[in-house]
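Could you walk me through how this protein is put together? Let's take it piece by piece, starting with the overall picture and ending with a few backbone oddities.

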Amino acid sequence: MTKTDNNSGLLQAELKRRIDSIQQDKQLRKLNPNRSDCTSFVSNDYLGLNTDPYYKSELLKRLEKIENFGSSGSPLLGGYSETTKALSEKWTQWYGLHQEKHNSLFFSSGYQANVGFFSSLKELGKSETSKPFSQNTELILFSELENHISLIDGIKQSNLEKRIFSLNDLNGFFEELEKLKPHQIPLVILESLYSMSGKQPDFKKLMDHTLSHRIYFYIDKAHSGGILYTNGIGIDPGFLSLIDPNQLILCQPLGKAFNSQGAVLTLPNSLAQWVVNKSKNYIYSTAPSNLLLEQWDFHLDYLSSEKFKITQQAYLQKITHFSNLINSDKVLVSYLEITDNKNSPYLSFKSPIFKFNFKRDQLQKIQDHMSENNFTIQQVRHPTCPIDKEGFRVVLRADHKKTDLKEFVLKFKEAISATLRPKEILRKKTREKTKEKKSKTLIIKQSLNS
Ligand SMILES: Cc1ncc(COP(=O)(O)O)c(C=O)c1O
């Protein structure tokens with residue numbers, strides 16, 4: 001046996017040992033092809049455009065006209081064309097922003113855009129290698145607890161000072177802002193729709209309390225862009241009209257409702273120029289191909305069409321219908337992470353994402369039961385979410401039929417009760433009854449007081 005054979009044998013043995021240990025912890029991730037005989041409640045293709053015949057035929061007409069498909073290079077080496085420039089301007093205008101003040105930069109994925117933006121800020125911190133602001137100014141990052149790993153990785157690479165806050169405790173966040181020194185500029189990092197819980201920040205409320213601060217906002221719209229608000233811009237236009245656009249950075253990953261891949265980062269010109277000069281993920285990566293750009297361009301046109309408006313309206317109604325089905329069921333609602341609650345710190349706007357939390361030993365049984373009944377759901381486990389929030393992220397799609405939803409609810413309840421031991425069922429019933437009693441007493445008290 002040669003030395004190389006021996007080394008590779010050692011590596012394989014070590015990998016096997018470690019993978020076995022992941023498996024023993026029931027944490028092993030595996031690739032499984034989607035089952036075509038199942039109705040999926042996992043996919044982020046929110047509008048169901050991936051299989052939409054109208055979308056396909058209209059897109060094909062556009063693709064027919066393209067003369068060159070490829071990318072030709074990285075943005076600074078042949079990968080930036082008149083087509084790129086025109087689409088960048090169109091994208092900026094989609095938000096009602098002006099290309100003289102803002103620019104839209106294209107990345108090959110949302111992960112690259114988030115890491116690329118934040119890592120480029122490295123030089124603006126306080127570390128020994130960075131060149132601090134000439135006026136003793138300093139950027140401080142405020143990152144929401146549930147932010148996506150691509151944001152977290154980017155923030156880590158930036159080396160800037162960071163504070164973690166939670167939308168559950170806005171007052172705590174406002175207090176932290178008050179403590180900042182005049183030379184510290186806060187950059188608040190949020191998602192517009194959190195994919196692991198379905199929560200949506202109330203941006204208008206945030207603005208009401210923060211208008212007097214010089215706050216920058218970085219908003220990742222991966223899960224709301226292409227579905228929510230007029231033309232699917234994915235963020236409350238009221239917020240856009242309140243915020244100073246010079247303090248706004250919007251990231252739109254395109255792998256979800258946009259039925260594509262890649263990402264567009266829209267930001268004030270000075271920051272865009274910084275990214276073009278400093279972001280390794282932008283400079284040293286092949287620019288998205290013309291094929292992709294044509295699809296993105298087509299998608300922007302689709303979002304301003306009557307067809308989109310009709311689909312969007314029907315989808316929102318379906319979300320309300322499904323939400324009512326879940327929220328009116330005592331069993332299901334008791335597992336829901338975010339309930340339909342008017343006092344919630346989040347927007348009351350319905351989300352297509354419903355997160356159900358279970359104990360770890362229930363997960364596989366529930367998933368198998370659903371699979372036997374031709375429904376695909378996927379466990380969300382630690383480290384993707386905190387250990388006490390493991391469960392299922394159930395995603396509603398525009399092309400789900402009402403009968404699918406009814407059947408899903410029925411089978412899901414069946415699956416849950418099959419995982420409960422008789423004692424637990426009894427305890428759960430008692431808990432539900434107490435809850436019901438409490439809420440009845442509250443209603444009586446409220447009506448007496450009013
Ligand atoms: C909020 C958020 N940002 C960024 C990404 C990464 O985007 P991409 O899949 O295009 O790399 C995701 C992916 O799921 C996401 O959920």
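**A walk through the fold**

Of the 450 residues in the protein, 34% are buried. Keep in mind as you look around that this is a predicted model. Its secondary structure adds up to 16 helices and 12 strands. If you take the contacts between residues at least 6 apart in sequence, 75% of them join residues at least 24 apart.

Let's start with the bigger of the two sheets described here, which is built from seven strands. It is an open sheet, and if you read across it the order is β2-β8-β7-β6-β5-β3-β4, with mixed pairing. At the edges sit β2 (102–107) and β4 (161–165), each pairing on one side only. From one strand to the next, the twist averages 20 degrees. As a reminder, strands of a sheet pair through backbone hydrogen bonds, in either a parallel or an antiparallel way.

For a close-up, pick β7 (residues 248–253) and β8 (residues 263–268), which pair in the antiparallel sense over four bridges. One spot to click on is Q252, whose bridge partner in β8 is V264. Helices pack on this sheet too. Helix α5 (residues 149–158) touches β3 (138–144), β4, β5 (184–191) and β6 (216–220), and its direction makes about 155 degrees with that of β3. Helix α9 (residues 269–278) lies across β2, β7 and β8, and runs at about 130 degrees to β8.

Now for the inside. The largest nonpolar core has 83 residues, and the members that touch the most others are V188, I189, F217, I249 and L265. This core draws at least three residues from each of domain 1 (32–50 + 307–419) and domain 2 (66–303). Zoom in on I249: once you set aside its neighbours within four places in sequence, I249 is in contact with Y216, F217, Y218, L267 and L271.

Next, move over to the sheet of three strands, an open one with the order β9-β12-β11 and antiparallel pairing. Its edge strands are β9 (353–357) and β11 (379–380), each pairing on one side only. Between β11 and β12 there are two bridges, again in the antiparallel sense, and Q379 stands opposite F392 in β12.

A handy residue to follow here is V395, which lies in strand β12 (residues 391–395). Is V395 buried or exposed? V395 is buried, because 24 other C-beta atoms lie within 10 Å, and 20 or more is enough to count as buried. Not counting residues up to four places away in sequence, V395 touches F41, V42, S43, N44, P352 and I353. The C-alpha atoms of V395 and K355 are separated by 8.6 Å, although the two residues are 40 residues apart along the chain.

Finally, the oddities. Most residues other than glycine have a negative phi, and most peptide bonds are trans. The peptide bond from H382 to P383, however, is cis, with omega near 10 degrees, and P383 lies in the loop between β11 and β12. Then there is N159, in the loop between α5 and β4. N159 is not a glycine, yet its phi is positive, at about 60 degrees. N159 counts as partly exposed because it has 18 C-beta neighbours inside 10 Å. N259, in the loop between β7 and β8, also has a positive phi, near 60 degrees. N259 is buried, because 23 other C-beta atoms lie within 10 Å.

Key: Residues are numbered from 1 along each chain as its sequence is written. This is a predicted model: local features need pLDDT of at least 70, side-chain atom pairs count only at pLDDT 80 or more; totals for chains, interfaces and linings use all residues. A nonpolar core is a set of buried Ala, Val, Leu, Ile, Met, Phe, Trp, Tyr and Cys residues joined through C-beta atoms within 7 Å. A residue is buried if 20 or more other C-beta atoms lie within 10 Å of its own, exposed if 12 or fewer, and partly exposed in between; C-beta atoms are placed from the backbone. Domain bounds come from an automatic or database domain assignment. Two residues are in contact if their C-beta atoms, placed from the backbone, lie within 7 Å. Two strands pair if DSSP finds at least two bridges between them. Axes are lines fitted to C-alpha atoms, for helices over the stretch in contact, and angles run from 0 to 180 degrees between N-to-C directions.
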